[in-house]
Structure formats: structure tokens, C-alpha cells
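Work through the exercises below with the coordinates open. Each task is followed by a solution in steps.

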Amino acid sequence: MMDQVQSEGGPPEGADTGPASVAHRIAERRVGSRHALRRPLMGVPVLPDGRPDRARIVTGVTADLSHGGIGLEFEDGGRLPASEMIVGLRGPNETLQFAGVRVCRTEPMSAERFRVGCQFGGAGQDLLQSEILAPRFVPATMSYVLPYPEEILDAWCDAGVLQRVLADRVQLCPKCRSVASFRNGCRQCGSADVGNDRLIHHFACAHVGPISEFDTPSGLVCPKCRTRNLIINSDYEFVTGPYTCRRCQWGDMELEHVGQCLRCDFRFPGHQAHVHDLRGYRAYRLDPLAVLSSS
Amino acid sequence: MLTDWTHWLFSHHPEQIGALLWALLLIDGPRYALSKLLMCVYDTSREIWHWLRGTREMPRFTYCPSVCVIVSVYNGEHDLEAPLRSVWGTYPKLEIIIVDDGSTDRTHEVACRFARCHEGVQVLRMPERSGKSPAMNLALQYTKAEVVIGLDADAELASTAIWEVVQPLADPQVGAVSGSILGRNPFTNLVTWFQAYEFLNCVFVGRILLARLGILGIASGAFSAIRRTVLDMGYGWDEGSSLDLDLTLRIRKSGFKIAHAPYAECYTDMLPTWKALIKQRLRWDRTITIRLQGRKHVDMAFIWSRNFRGGNFVVLAESWFFSLFCMYGIAAWAIWFLVKCPPDWPYILLTLYCAYVLFELIQVVVALYYSPSPRRDALVCAVFPFIHFYHAVLMIVRLVATTQEILVRRSYSEPFPPERIRNATWHW
């Protein structure tokens, strides 16, 4: 759809100065039908290093909206501070929704007002991708890192475009802070090689013993009182014995939650794991169709 | 009144007074007071003899087998830690197994927390409430100790109690040893005071005498030590209430002796209300004399039985005589007395009361002679002039319980053990 070109005419004279000067030479290429939409908006210029230019935040109104771009109107000076911006306008539920735009064309409307044609995309739109905003697991280091520099994302938070969120809470190795695997295991040595016995409790004589004691070729027979043909739940029940570690012979009724570091192999009780909050970011992205349908 | 009574007393011939007190002079006196007095005189003479000859030896702990203390507990989250703390660290070769009998409160959590902080403590769990016998038998599967000690979950041991209780097991003929059960809360109210005195007199001193005569028929479930090989021979505890008496009689049948360690002290809470006490005694009395001694283990008294021995016969005969014959005899006498209502009935009752108090005083002296802390026990014994009222209440309870058991086997409709097990087990 974006291959089809719909030109909106050449740049106005004397309007091609400033960082957006290149933009007017690029024709705004929007194919989908444009819908008139007048809503207040804010625009945060994106600096070349990806940070927001908070000193030059501009305000204006939207002129129209289409699937691939947005038309904006500004009043002060007829100049835009940047060729790429993140614009925010109120969505259907009154939350500010943001979209990254590339300025394609500026056009004066009067002495103080000018119109800007933008396409969705550019560095601002890339920044708003969810893949960038959530921490990612790096197998080489067995740790979580953010794909984008954290200080830049924090700057966008301060500009009001992003919000800090708790992406996840992970338990890490207390020694090297790497990711660990967890399993139920022996409290003494941490081994997962544990098992427990099943015993039979014969109700009539109160004898409790391993199944092998009761198991005879003629069926289950109580070794204490010699009662034959025992029926489960009527004559006997199964009782689970304590877990026994096959490595260190430790016995216990309950297993310990044991962690093992995937990087340094350090084994530790689950409650000693380092609990780390993985910080992520959230952006409310502009959905043009939702905005249009609500208007 | 007292002057009238004195005149009444001296106006009768000694034979007439003797006829009034014949039961005390011929039955209760020799059994409970004079026998203990004789034992006390014998021990004192022996002590003096050894002291004069310079051969007096202080008791020493020389036997040190491996010991496993089994604590079976149901819904005891608040009481469990005290017995465990009193046991742990008091003996070198000690392991503790806590069996949670399907508790519905935080008992398992409390037990596991204790086990994590203390070495040699193991926690086991029954899937649902099954009673004490299977819980104890489950624990047997997980210990190799030479001696198994059963301990109630609301009891506390003195620091040398385990050492004391295992010493008699140095004799290979001894199969089980009973510890002394004493009141932890004797002065809470009159009911606990009565019970504390009863335990001091019957368990602490009474069992010294019975053990010496070789006719001790019970090792308390609250605190007793049992030889592991003996337990293995009989596959542990049997189902049913009063399982301590049942196990002791089975051990006697196997030919082993039952010993008593009077200075192996275990402190347990006495029941604080008459209602709770009567409920407990109804349960005990229904089971002990009729169900266990009169039905399940009655073969111990049959001369043609392979379980017959002189000592075993005396154990049962003594119980039947005092708990059945004397009890129904006293009941009959009481009815006769009420119907007949002799004109000098207040003097008769006062005479009987004074005679019984005098004999009780003998027992108090004996108890204080053997007591390791006479000052503490003297206070407990101070209730002795009134103990006969307590005994009278318990005798009525026993009368009701025994009659119920003889006629309708009431013990099998009690809520202990749980119904699914009660229905599956044998009704003796």
C-alpha cells in the first residue's frame, strides 16, 4: 500500500529552513484515505542520539489522520526543531498515545500557522517497539539486559512518553547474579536424586510396613496378623514415607527448593536466591484506526 | 460431735471396730500402705547397713544404648516445642522422630521448623488422622535405635530422664521401663492437685513396689522406654486405646520383665476440669480391666496357656480383685448402708474416714522418703486428707465404665481411634 504515491505538492518558498529543511523535498507518500481529525497534540523531537529534546517540545493540533501518516498544524514560527518526532495525542480512553513520525513536508498556512505532513516511522517509532522496551535474556552471559540504553529510556520516561514497569521478578545466583535453575531436592546436599518409600498401613492391627512386606504370591497379606486379601481403603491405606537422598542418604518429609546457577554451578537453597526486579518500559502506541473510529 | 464420736468409739469393743474396718485392715491397708511401708523400712535398713559398712554406692549411668524418642502428635502446634526442647541434647546417641498424625493445624510446620534447626530430628506424616499406634509404628520403620522411647506431645522430661529410663534395660530380661509421670501444673486447682497427688502416689511410689514384686503391668505411654528387639518381635503397637497397657501385657507375654525408673521424671499437664477428667477415666476404665485384661489378654491367667506365668496371673488377678470385686463390693455396701441407714452412721463414716486418712498418711511419708525433691512433693501431698472424696468420684466413674463395657462394649463406640479404623479392627 505504501508503494503507491500520492503527492501533496512541492514545498512552499522560504519554509525549508531548519532541521526539517530536508523533509520538504521528500514527498509525503500516503495512500490510504485521509480523515479530518482535530485534536490537540504534543511533539517531542528525537535527537540524533535517540534522546528526547525536552527543551523543544512543541504543541499543536492534528489536521488529518490516515493509516500511514498524520497531518499536523503548528502555530509558532513555522519551523520544526527536528525531522523526527514522537507525537502524542489523546486516544479513545483519554490516555496519551504516541507514535514516531518522520516529517515529510512543511507547508505554511498563514503568517503564524503551518502545516506538517508526517509518515509513521523513524527512530521514534523504533523506540516505541515492545521488543526494545522489555529486558531480554542473553544466553552467553546468563543474564537479562535491556536492548536499548537504559539512560535514554529513562529520559523518555521523564519526557512522559514511556512509563516504567516491573517486567518480571527473577531469582538469580547469590554469588554471580546469573540465572539459575530450580528444582525440589535434598536439603542436605541439594541433589535432585531423591525418592520416597510407599508403605502400607493395615487398619486392623496398626502395622505399618513397606509394600514388599505385604506382597505375597497369594496377594496382600499382613505380616503381623496374617490377614489375607486386603482391600484398599477398607483394610489398608498407603502411607508415604520421607524422601531419601540417594547421594547423601539424608531423609526428610519435605524437599527443599534448591537452585543451581547456570553459569557458575553454585548450588544454594531457594530462599537464598538473589531476587532481582527486571525493569521494563511501556508505551501506549497510537492506533490510528481506533482513534478514527472513536472520533 | 468429736466428743460424742470419741465416746462412741471407746464404747465399742476392739473386735467391733475391727469388724467395721476389716476391709481396710485386710485389703486396702496391706495393698496400698503397709506394703509400701515395709518396702520403705527395708530400703532404709539397707541404706543404713551399707552406710555403716562403707559400701554405699552412688547410682551411676553406665548403660548407654542408642535411643529414639518418638513423639506422636495431633493438632499440637502450641505444645509440641516444649517436649522437643526438653529432650534434644540430653543424651548422646539420641534421635527424635516426630510423627504428625494428620494434623489440621500448623503442627507439621512447627515440627519441620524444629527439625531444620536441630540435628537428628526427623518428621514423618500420616496422610490423615489414624491414631497413635500406626503413627508409632510408622516411626519404627525409620529408626535403628536399640531403645525406643514413647513420649506424649504435651509432656516434658527432666534433664537426666533418658539416662535414668534406659539403665534398667542393661538387664537383657527387661523388655520395657516405665518412667515416672508427675504433674506439671499441680496447683492450678483442686482437680489438678488431686491428680498430681494420685500420680505421685500411684505412679512414682506404687510402681516401685510393683516392679520389685515383678508384677508391674503397665509402662505409661506418656513416657516409657522399650527395647527395640521386643518391639520388632511383636511388630510394634496394636490398634486400640490404652495402647501402653496393651503393649506392656504383650511384652509380659513374651517373657520379658517390666521395670520402673522412678527418677526418670516426666512432667505432664493434669486435666483442669472434672468433666475432662471423668471423660478420660471413662475411656481408660472401659478399656483396661474388661477389654484388655478381661478379654484380649485373659489367656495370661489360664494355666494351660503358653502365656501363663505366676507374675502374669498376679497382674490380672490384682486388677480384677481391686477393680472389679472390691469396686462392686463397695458399691453393694454403699447401697446396703443407704438402705439400712444405721442410727450411728455419722460415727461409722467418721471412723472409716479417719482410718483411711491414717493409712494415707503412711503413704505420704513413704512418698516423701523416695521423693527427689521432698519440699515440692510435700506441697503436693498436702491434699491427702481429702483424696478419698476424689477416689470416691473416680470409683463411681469406674463403676459406670466397667458396667457399660461388660454389658454393651461401650469402648468400641468411642471416637478414639477414628471410625474408619475402629470399624476395621477387631472387637475383643
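**Exercise 1.** Which residues in H8(B) meet which residues in H13(B)?

Solution. The model is a predicted one. Start with the geometry: the axes of helix H8 (residues 190-213) of chain B and helix H13 (residues 345-370) of chain B come within 10 Å and cross at roughly 70 degrees. An angle from 65 to 115 degrees counts as roughly perpendicular, so H8(B) is roughly perpendicular to H13(B). Next, list the residues. H8(B) contributes B:Leu200, B:Asn201, B:Phe204, B:Val205 and B:Ile208, which meet B:Gln363, B:Val366, B:Ala367 and B:Tyr370 of H13(B). Sorted by class, the contact of H8(B) with H13(B) has seven nonpolar residues, two polar and no charged ones.

**Exercise 2.** State how many residues of chain B are in contact with chain A, and sort them by element and class.

Solution. The count is 24 residues of chain B, in contact with 19 residues of chain A. On the chain B side, the elements giving two or more residues are strand E3 (121-125), helix H6 (132-140) and helix H16 (419-424). By class, this side of chain B has 13 nonpolar, seven polar and four charged residues. For the complex, the predictor gives an ipTM of 0.89 and a pTM of 0.75.

**Exercise 3.** Give the strand order of the open four-stranded sheet in chain A and find its edges.

Solution. The order is E13-E12-E16-E17 in chain A, with antiparallel pairing. Strand E13 (208-210) and strand E17 (251-252) of chain A each have a single partner strand, so they stand at the edges and one side of each lacks a neighbour in the sheet. Now take the pair E12 and E16: eight bridges join strand E12 (residues 194-202) of chain A to strand E16 (residues 236-245) of chain A. Within this pairing, A:Leu199 stands opposite A:Val239 in E16(A).

**Exercise 4.** Is chain B as compact as a globular protein of its length, or less so?

Solution. The secondary structure of chain B comprises 16 helices and eight strands. Its radius of gyration is 23 Å, close to the 22 Å that the globule rule gives for 428 residues, so chain B is as compact as a globular protein of that length. The C-alpha trace of chain B spans about 75 × 60 × 50 Å along its principal axes.

**Exercise 5.** Which elements of chain B have the lowest and the highest mean pLDDT?

Solution. Chain B averages a pLDDT of 92, and 100% of its residues score at least 70. Among its elements, helix H2 (residues 14-20) of chain B has the lowest mean, 84, and strand E7 (residues 223-227) of chain B the highest, 97.

Definitions and conventions. Residues are numbered from 1 along each chain as its sequence is written. Chains are lettered from A and ligands numbered from 1 in the order in which they are written. This is a predicted model: local features need pLDDT of at least 70, side-chain atom pairs count only at pLDDT 80 or more; totals for chains, interfaces and linings use all residues. pLDDT is the predictor's confidence in each residue, from 0 to 100. Axes are lines fitted to C-alpha atoms, for helices over the stretch in contact, and angles run from 0 to 180 degrees between N-to-C directions. Angles under 35 degrees count as roughly parallel, over 145 as roughly antiparallel, 65 to 115 as roughly perpendicular and the rest as oblique. Two residues are in contact if their C-beta atoms, placed from the backbone, lie within 7 Å. Ala, Val, Leu, Ile, Met, Phe, Trp, Tyr, Cys and Pro count as nonpolar, Asp, Glu, Lys and Arg as charged, and the others, Gly among them, as polar. Two strands pair if DSSP finds at least two bridges between them. The radius of gyration is taken over C-alpha atoms; the globule rule is 2.2 Å times the number of residues to the power 0.38.
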